[in-house]
Amino acid sequence: MNHTHRFKPRLLASVIAACAVAGASSYSIAQEDTIEEVIVTGVKGAQEKAISIKRNTSEVVDSIAAEDIGKLPDSTIADSLQRVTGIQIQRSAGQGGIVSIRGSNEILTTLNGELFLTAQNILNSNADYQDIPSSLIAGVNVSKSSNARQLEGGIGGSVDLLTRRSLDLDGGLTNVVRLQASQGSITEETDPEISGLIGFNADTYAMSLAYAYADQTLSANQTQTRAGVQNRGDALMMMSWDGPVSTNFVTERERLGLNYNFNAQLSDSLELNIDSFYNSMDEKQAGNMFQFDLDSVGWDYGRMQPQGVNSAGDVPIAQGNYATGWTANMNSALRAGVSSNFRETSALNNSFELKFDGGGDFTGSVRYINSKATRENDALTLVQRPSSPGPDGLFDDEGYVYNLNGDTRQVNPGYIAGNHTTTFMAHDDGVSWEFDPAFAQAMGQSSAWYIHSSWLEGEHHEATLDVLRADFNYHFADEGLTSVDFGVRDGTRSIERRAFHYFMPTGITAYDPTDMQAYDMLVKYHEAGYVYGTGQANDGTSGTYLVETSGGSLVELKDIGLEPVRGVNLDEAGLQPYMHQVSDFGATVESFNASIPMIDVSKIGSNLAFMDNLYEAQHVRKDRPDQSYVIDEDRESFYVSFNFDKALTDSVRLSGNAGVRRVTDTLTIKQNVYDGNRLGRDVFAGSDANHTYYVDAGDKFTTVKHSYFLPSINANFDFGDEYKIKVSYDERTSLQALNQFGQGEFTSWRSGQIDPDTGNRYQAISEIRLGGNPNLQPWSAKVYNLAGEWYPTDTTLLGLTFFYMDIGGFTEEVRTTDLTLADSDGIVREGGTVIELRNGSNASVEGVEVSYQQSFDFLPSFLANTGITWNYTYSPSTREGYTFAADGQDVPFNATAENQSNLVLWYSDERFEFRVAANYLDKRYNGTETGVLPNDDANKVLGGLPVWDDESLYVDLNSTYHVNDAIDVSLNVQNLTEEGANKYMHWEDFRTEYNAFERRIVLGVNARF
């Protein structure tokens, strides 16, 4: 990885000269102009501070303030942000995850006004705060319009996370401790959490340490019906090649966060601020799955009957009917399995700031940022089957015979013979699986199952960031053109991604007939019956291997009936400590009348150690060159912004800023060179890249440079003290997700094909996915805002904002058919599909935001302690000219709900605080399911049927009782109604996915001393 800090001498010269007369600030100058100090006490104080920030900034900004030290209004940063107008979030294991602003996931996140690294977002600019404890954050500013002083990088807007400054603490010692225990309605685990802050303020210098630790167990239940749009003739079938799958996963997250701050007033004109922000998260997501695997048996309509057939008169396909379930009598299509995924993340961000303000016209700051983040994860999947492939690659009733160096035995002697009935049905909030009694009883026997395949893969990410910047302000006058802001910045970022997968030794030495080299053969963890039997690995240009027999002759592997993968039956003695019976496949499964023997993944502490022990072999790790790359970025920028303030009449005042930011971004992308036909010769799997690996043949370097001017203007018209109109225009840019630059191509094949002329087996090429394109242009956007705000009192806000975003540069997948692509044996037959990334253009998001906040302190009695926050956002998005083939409606640009609303009602007195918050989203577009209806590219008609996220309503409760000045007791309820997240295809009851999220109850005690 290249860690060289490539600061430019000419830029450094300017910075060093500026440092002689200036220092660095705790916040960017833009923030200092907009933040007014407000003492925060509880929910009422937090709302008043948020209103004050919005009122006193030149830009279109919304803010969230912590109700107390270490206490944002919600349990996660994302959950708090969803209360802001125009912000929507995605959920992971029920908790808030990726944030979008006005329909864009391309969000710039800063820490105290400057870029920082999180392990969660190494490769992209998405705002995802799963690994950042919310208790470390003192407030959040969301900018929807921009000025030249702010960093570039957000299309929808930017989110600035604010930490506490030690000189703002009370004099002397400050100590705050919060202890919490939470429990989920599905997991029923009690989870501990501790957070707090200890600080000391000696007037001229101060220091503090904020800390947070949590160990949480979260539910992640899902069923994918994988509803297909295959036209059966009398109905569209709710099934696809993969078949429906139900999963019951548990996510365990252990998070640690630390924020150290040293703040000192070195002299009357110099202030020093040093920050170290550290966060880490260890996560294990594990659980069970059950699947009806149609891919293995093909579409046998004679054995499947549609159930729950509904009328669909609005679309003239499938004779107006679609099926929401089916009955089948193919037991060989069943799969069950377990998954164990480990992820470890950590990030350390250091900031050194020096601020100069001597009371004169010239002020300034310099700041240095040094950051590093890492993310490591490995994922294990074990798939078990009750029957197995026979010699012809088809399913039979005799089970799987294992033969390795004379060890010959039947792997699953209790195979389930014959065909049995399975009925799958989709309902409003879940699905049901029903099996005939004899089938259910047979599935409960461990001797009927064997481990068909095991997949163990991993990846490592590492990123470094260095930034040196200088910002200045020169004051001209108190009215008219009041001052100018200007500054320079140089930042370098280096990102490395290494992907790898694991293989196991087979104990077989094989000879490659093309080079007659001997190889100690490996096989990917693992596909029993894959190499021998189907012949997939033994035909084609690189799939033939010769094995030396005891007589000294070289014989093809398939001719001597040798199976290089050790078969594993579930009733083996070595697996018994891990085995248990499973009949619960999660809250999305309403009924399941069988019990299945499965591995208890909660007992797997290390995926690698488990697999080595299971197969009695030491694993071998192979890198994936197609998924590994290094990207070095050097970004230079400078800006100038003029501030103005002028009384137009006795009652009308104009203020704001206008400026431009110049950015030059240079990317050096290191990719691995490889040949799609040059695969690992020491791995059984032949020419199938899905089961082997590409050979790394060297490095390829691509350097691209992007330069742009980003103008901005923010004009504020104040009509007295109560009314304000804000008008803004700015241009924005944002890099694509970095994996879209660095990833290589990947080839997929259809196995087990037979040439009718020669009788030889081959693998037909399916598609080539060009994962990365170094020449992609950045995102771009032109953003317009018109906002009206009314502040009748210091605790009241009524706002109306119109906005329009003209977006270009986004990426889209383009599919083309290449008839010249050859199959695995080098013969060109039907060709295949090429999928590549290209820049799109002509998308837009527009809409209106309405917001209302008020403290009802004018009401009598206890009602004077109540208040409200309500907002509504209407934000339709479009891709210019595109319509759905299904109904002719416009195609949305992104997965944004057109209608969104938040309602927060609160009560706050000296002893008791209570808040109820509701978040509503209507349906969101989530792509299309191809099939039945073709694309019409010439007329921009999108084929298939649209898939939608169903509407949702999440309700949270928060309450706090102040026992005395030092002790608080709190009780919070997250997701009161256990709202989930469902998807459907075109018709609301044609379900494609269910997600069940649990209700969590949190009890806490807060102490200040």
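Reader: Are Glu-283 and Arg-343 buried or exposed?

Author: The model is a predicted one, in which local features need pLDDT of at least 70 and side-chain atom pairs count only at pLDDT 80 or more, while totals for chains, interfaces and linings use all residues. Residues are numbered from 1 along each chain as its sequence is written, and side-chain values use heavy atoms, with hydrogens and water left out. By relative accessible area (buried under 20%, exposed over 50%, partly exposed in between, with a 1.4 Å probe and protein chains only), both Glu-283 and Arg-343 are buried.

Reader: Which strands does the salt bridge between Glu-283 and Arg-343 tie together?

Author: A salt bridge is counted when a side-chain nitrogen of Lys or Arg lies within 4 Å of a carboxyl oxygen of Asp or Glu, and the side chains of Glu-283 and Arg-343 meet in one at 3.0 Å, N to O. Because Glu-283 and Arg-343 lie in different strands (DSSP runs of E, at least two residues, numbered from the N terminus), the pair ties together parts that are 60 residues apart in sequence, namely strand E13 (residues 270-292) and strand E16 (residues 334-357).

Reader: How many residues apart in sequence are the parts that Arg-497 and Glu-459 tie together?

Author: Arg-497 forms a salt bridge with Glu-459, with the closest N and O atoms 2.4 Å apart. Since Arg-497 belongs to strand E23 (residues 480-512) and Glu-459 to strand E22 (residues 450-475), the separation in sequence of the parts they tie together is 38 residues.

Reader: What is the relative accessibility of Lys-144, the salt-bridge partner of Asp-62?

Author: The side chains of Asp-62 and Lys-144 meet in a salt bridge at 2.9 Å, N to O. Asp-62 lies in strand E1 (residues 61-65) and Lys-144 in the loop between strand E7 (139-143) and strand E8 (157-162), so the pair ties together parts that are 82 residues apart in sequence. Asp-62 counts as buried at 10% relative accessibility, and Lys-144 counts as buried too, because its relative accessibility is 0%.

Reader: Which strands stand at the edges of the open sheet with the order E2-E3-E6?

Author: This open sheet has three strands with antiparallel pairing, where two strands pair if DSSP finds at least two bridges between them. Each edge strand has a single partner strand, so one side of each is left without a neighbour in the sheet, and these edge strands are E2 (87-92) and E6 (127-128).

Reader: Which residue in E3 is the bridge partner of Ile-89?

Author: Five bridges join E2 to strand E3 (residues 95-101), and these two strands run antiparallel. In E3, the bridge partner of Ile-89 is Val-99.

Notes:
Helices (H or I, at least four residues) and strands (E, at least two) are DSSP runs, numbered from the N terminus.
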